[in-house]
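Hi there,

Here is the structure I promised to pass on to you. Have a look at it first, and then read on for what turned up.

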Amino acid sequence: MYPWLTPVWQPLLQGVRERRLGHALLLKGMAGLGKRELAGRLATTLLCQHTNNAPCGMCHACELNAAGSHSDLQVVGREGRSIGIDAIRELSRIMGESARLGHGKVAIIERAELMTDAAANALLKTLEEPAGEATLILVSSQPERLLPTLISRCQQWLVPLPDTQLALAWLQEQGVAATPAALSINQGSPLQTLDYLNTGADDKRLQLLTALAGLGETASHLPTVQAGLLEQPVHLVWVQLLLQDALQVALGAKAPLKLDDCQHLSRRLAGTGPLALHELNSGLLELRRRLQPGQGRPMNAGLQLSQWLRRLQQTLTHE
Ligand SMILES: [Zn+2]
């Protein structure tokens with residue numbers, strides 16, 4: 001199990017052993033912290049036939065769970081863009097049946113925020129009925145999107161962000177060269193950072209930001225930068241972090257920079273002054289809002305992006 005889960009896993013385990021856990025639990029915390037694995041381990045522990053030593057890894061229930069074929073464990077929400085009422089009704093029906101192995105039943109709803117209103121209301125009804133031996137585990141990285149009445153019926157468990165040193169040490173153990181900047185870009189999530197580093201995104205970021213900061217000297221790579229950003233508008237967040245760092249330098253603030261490995265670039269940008277940076281930053285925010293994934297690409301997105309890049313280039317040229 002991931003080391004940063006220990007502070008939440010220990011009390012959960014204690015709760016299982018002392019039979020103090022509620023019939024409905026909500027595991028919440030930002031994406032990329034391993035909440036799904038935590039829910040799976042909790043389910044395995046609840047279903048294990050050796051209660052005092054759970055999860056023992058040796059009993060029939062543990063073997064079935066390891067093979068992913070325990071009929072007393074139901075999981076919904078792993079795939080698809082929403083969780084509909086049919087899935088929840090089916091889940092409730094199965095949960096109402098008696099346990100095959102006599103150690104209760106467990107249902108996990110991953111990405112619970114994707115439940116439709118009808119699905120959430122159906123689940124609420126299920127929770128209002130006597131729970132019997134069933135335990136429901138909701139997993140969500142956006143609990144604010146859940147019905148408040150649903151949340152209030154759940155025992156809530158927060159999976160906290162690991163501290164930077166622990167996250168960096170774990171990443172190093174995975175064989176990647178992680179920096180505080182890479183972790184910062186991924187909002188402190190070790191799993192997202194690992195994915196980010198393994199896909200070579202960090203090199204792309206350094207290339208992109210170096211090219212942007214160099215626009216004052218040469219505009220020859222502007223078309224490449226523009227094409228790249230239009231294809232991957234999500235990379236604009238890197239540009240935004242660099243601009244924010246530059247603004248911080250320009251204002252003489254002492255707080256540590258987010259992209260500490262791009263200090264030479266943020267210092268170069270800082271030369272354009274806080275006012276220009278502030279304007280560029282507002283323009284970029286607007287651009288990011290328009291290019292958000294799932295919004296569909298506005299007709300003139302390419303034009304807006306190129307206007308913004310031209311403005312950046314002009315600012316850098318006239319500093
Ligand atoms: Zn077991």
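**Charged pairs first**

Arginine 93 counts as partly exposed, at 45% relative accessibility. Its partner is glutamate 90: the two form a salt bridge in which the closest N and O atoms are 3.1 Å apart. Glutamate 90 is likewise partly exposed, with a relative accessibility of 38%. Both belong to helix H4 (residues 85–96), and because they are three residues apart there, about one helical turn separates them. Please keep in mind throughout that this is a predicted model.

That pair is one of the 12 salt bridges that the structure holds. Another one links arginine 36 to glutamate 110, with 3.2 Å between the closest N and O atoms. Arginine 36 sits in helix H2 (residues 35–47), while glutamate 110 is in the loop between strand E3 (105–109) and helix H5 (117–128), so this bridge ties together parts that are 74 residues apart in sequence. The two ends have their own surroundings: arginine 36 is partly exposed at 42% relative accessibility, whereas glutamate 110 is buried, with a relative accessible area of 2%.

Glutamate 128 and arginine 153 make a further salt bridge, and here the closest N and O atoms are 3.9 Å apart. Glutamate 128 lies in helix H5 and arginine 153 in the loop between helix H6 (148–151) and strand E5 (155–158), so the pair ties together parts 25 residues apart in sequence. Arginine 153 is partly exposed, its relative accessible area being 43%. Coming back to arginine 36, salt bridges that share partners join Arg36, Arg78 and Glu110 into one network.

**A charge without a salt bridge**

Now for aspartate 245, which is found in helix H12 (residues 236–250). What is the nearest side chain of opposite charge to aspartate 245? It is lysine 258, which is 6.1 Å away; aspartate 245 is buried yet has no salt bridge. A salt bridge needs a side-chain nitrogen of Lys or Arg within 4 Å of a carboxyl oxygen, so a distance of 6.1 Å does not qualify. The side chain of aspartate 245 does, however, reach the backbone nitrogen of lysine 258, at 3.0 Å. Leaving out neighbours within four places in sequence, aspartate 245 is in contact with Leu257, Lys258, Leu259 and Ser266.

**A loop residue**

Glutamine 232 is also worth finding on your screen, in the loop between helix H11 (222–231) and H12. Its relative accessible area is 36%, so glutamine 232 is partly exposed. Glutamine 232 and leucine 291 are 59 residues apart in sequence, yet their C-alpha atoms are 9.5 Å apart in space.

**The chain as a whole**

To step back, the protein chain has 15 helices and five strands. Its C-alpha trace spans about 75 × 40 × 30 Å along the principal axes. Of the 319 residues in the chain, 45% are buried. The accessible surface of the chain comes to about 16300 Å², and carbon and sulfur atoms account for 51% of that.

How far apart in sequence are the residues that touch? Among contacts between residues at least 6 apart in sequence, 70% join residues at least 24 apart. As for charge, the chain carries 29 positive and 28 negative charges, and the mean positions of the two sets are 3 Å apart.

Happy exploring!

Methods
Residues are numbered from 1 along each chain as its sequence is written. This is a predicted model: local features need pLDDT of at least 70, side-chain atom pairs count only at pLDDT 80 or more; totals for chains, interfaces and linings use all residues. Side-chain values use heavy atoms; hydrogens and water are left out. Helices (H or I, at least four residues) and strands (E, at least two) are DSSP runs, numbered from the N terminus. Buried means under 20% relative accessible area, exposed over 50%, partly exposed in between (1.4 Å probe, protein chains only). Lys and Arg count as positive and Asp and Glu as negative; His and the chain ends are not counted. A polar contact is a pair of N or O atoms within 3.5 Å; within protein, one must be able to donate a hydrogen and the other to accept it, and residues adjacent in sequence count only if both atoms are side-chain atoms. Contact means heavy atoms within 4.5 Å. Accessible areas come from the Shrake-Rupley method with a 1.4 Å probe; for residues, only the protein chains shown count as cover. The place of a charge is taken as NZ of Lys, CZ of Arg, CG of Asp or CD of Glu.
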